Structures are given as C-alpha cells and as structure tokens.
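The exercises below each set a task and then work through its solution step by step. Please keep the sequence and the coordinates open while reading.

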Amino acid sequence: MTTRIEIAPGVVHHPGWLDRPAQEALLADLRAVVKAAPLFVPRMPRTGKPFSVRMSNCGALGWVSDEKGYRYQPAHPETGEPWPAMPDALLAAWQALGSYPHPPEACLINLYDATAKMSLHQDRDEDDLNAPVLSLSLGDTAVFRVGGTSRGGRTVSLKLQSGDALSFGGPARLAFHGIDRIIAGTSTLLPQGGRINLTLRRVTRPPP
Ligand code: SIN
Ligand code: FE2
C-alpha cells in the first residue's frame with residue numbers, strides 16, 4: 001500500500017514510493033546511464049549562465065538547454081551519441097503512476113549538490129501536454145515548491161525525500177515549480193551526498 005496525497009488539483013505526492021532496495025537498484029541503473037551519457041552543465045538561453053544542477057537524460061529524447069534555447073533532442077549535446085534507453089524501473093513507474101496510455105519519451109536526470117537549486121519554471125517544451133510529468137527523487141531531501149499556472153501566484157512547499165514520487169498533470173500540468181534548497185545529510189543513498197531527480201515526460205503527440 002502506498003500513500004497518495006493530492007497537494008493541489010493535479011499535483012500528487014507518493015511518499016516512499018520506492019523502497020530502499022528499489023532506490024539502490026535504480027541508482028545502479030543510473031550509474032550505467034551517466035557512464036554512457038555523461039553529466040553536462042546546462043546553460044541559460046541567451047546569457048549562457050550555467051545552471052547549478054548537472055544533467056543527463058535517458059530515453060529516445062533528452063532535454064537540453066544552452067545559448068540557443070531549451071529543446072528536446074535525440075543525442076547528447078557533447079558526445080553526439082543517442083541517449084541510453086530508459087531503465088525498466090522507470091517505465092514501470094510511468095505505467096503505475098503516469099495514468100497515461102503512451103510511454104514516456106524522455107527522462108531528464110538532474111543532479112543537485114548541497115547548494116544547487118532550481119528556480120520556479122513551467123515544463124512546457126513538450127508538444128503533448130495531456131501526459132503528466134512524473135518525478136522520482138533519490139538522495140538528500142529537497143524543498144520543492146509548486147504554485148499555479150501563472151507566475152507570482154500562491155505557492156506551497158513540500159519536502160521530497162529519497163524514494164518519493166510526484167506527478168503533476170491535468171490542471172497542474174503547467175504549474176510553476178522549483179527546488180528552493182537541498183537539505184544536506186538527510187539520506188545515505190548517495191555516498192557523496194546530494195540529490196538526483198528524474199522527470200519522465202511524454203514529448204510528442206501520440207499517433208491518433
Ligand atoms: C525539474 O523541475 O526539472 C526538477 C524538479 C525536481 O528536482 O524535483
Ligand atoms: Fe521542471
């Protein structure tokens with residue numbers, strides 16, 4: 001039995017969705033992914049200012065950001081190689097929690113050190129906005145903030161712990177969200193500390 005908490009319409013938190021052995025198995029899968037698709041430092045469109053997180057992706061498409069803008073592309077921006085396949089555990093998570101009949105195409109991997117954050121933003125580079133975004137957290141606890149679909153509205157914050165899943169879809173698909181901070185020392189999963197967040201997305205509109 002897992003707990004399902006609706007934080008706001010369309011924003012659903014599943015605390016402890018992955019138990020410790022499942023977290024360790026997923027981490028092993030991700031080590032293989034980043035060996036093939038090394039972490040890179042994304043940069044802000046136009047200014048080129050580096051993000052504080054490092055990123056990689058798996059799946060048919062990966063999300064990247066640099067001076068030319070935000071986009072999905074089928075190859076790693078530095079190696080030019082296709083992204084590694086999505087581990088089965090991620091496809092299983094999508095099937096269980098995504099409530100969407102087509103598979104995810106992209107899984108963005110964000111690695112946060114103790115000082116990294118992510119400012120409030122919308123995930124809106126996907127053509128298919130009918131699918132939810134499904135997030136899985138590993139490692140140190142994060143203070144996650146989520147609001148409505150317009151900037152500057154009321155927001156709520158909640159802690160995302162190692163093994164938690166969170167989905168935002170339906171009326172919350174374009175909700176502003178971000179990470180205020182990482183709480184160092186809250187998990188023993190990652191030997192060096194820090195946090196990994198995975199976000200699974202459907203990018204293209206499925207065939208009719
Ligand atoms: C993101 O919005 O891409 C990441 C959210 C998170 O780290 O939980
Ligand atoms: Fe996001």
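**Exercise 1: the shell around the ligand**

Ligand 1 is surrounded by Asn-110, Tyr-112, Met-118, His-121, His-177, Ile-179, Arg-195, Asn-197 and Arg-201, where a residue counts as near if one of its heavy atoms lies within 4 Å. The model is predicted, with local features requiring pLDDT of at least 70 and side-chain atom pairs pLDDT 80 or more, while totals for chains, interfaces and linings use all residues. Residues are numbered from 1 along each chain as its sequence is written, chains are lettered from A and ligands numbered from 1 in the order written, and side-chain values use heavy atoms, without hydrogens and water.

Task: determine which strands supply at least two residues each of the shell around ligand 1.

Solution. Strands are DSSP runs (E, at least two residues), numbered from the N terminus. Those that qualify are strand 6, strand 7 (118-121), strand 12 (177-183) and strand 13 (195-201), and strand 13 gives the largest share, with three residues.

**Exercise 2: polar contacts**

Task: find how far polar side-chain atoms of Asn-110 and His-177 lie from an oxygen atom of ligand 1.

Solution. A polar contact with the ligand is a pair of N or O atoms within 3.5 Å. For Asn-110 the distance is 3.3 Å, and for His-177 it is 3.0 Å. In addition, a side-chain N or O atom of Asn-197 is 3.2 Å from an oxygen atom of ligand 1. The protein covers 97% of the 260 Å² of accessible area (Shrake-Rupley, 1.4 Å probe) that ligand 1 has on its own.

Terms used: A polar contact is a pair of N or O atoms within 3.5 Å; within protein, one must be able to donate a hydrogen and the other to accept it, and residues adjacent in sequence count only if both atoms are side-chain atoms. Helices (H or I, at least four residues) and strands (E, at least two) are DSSP runs, numbered from the N terminus.
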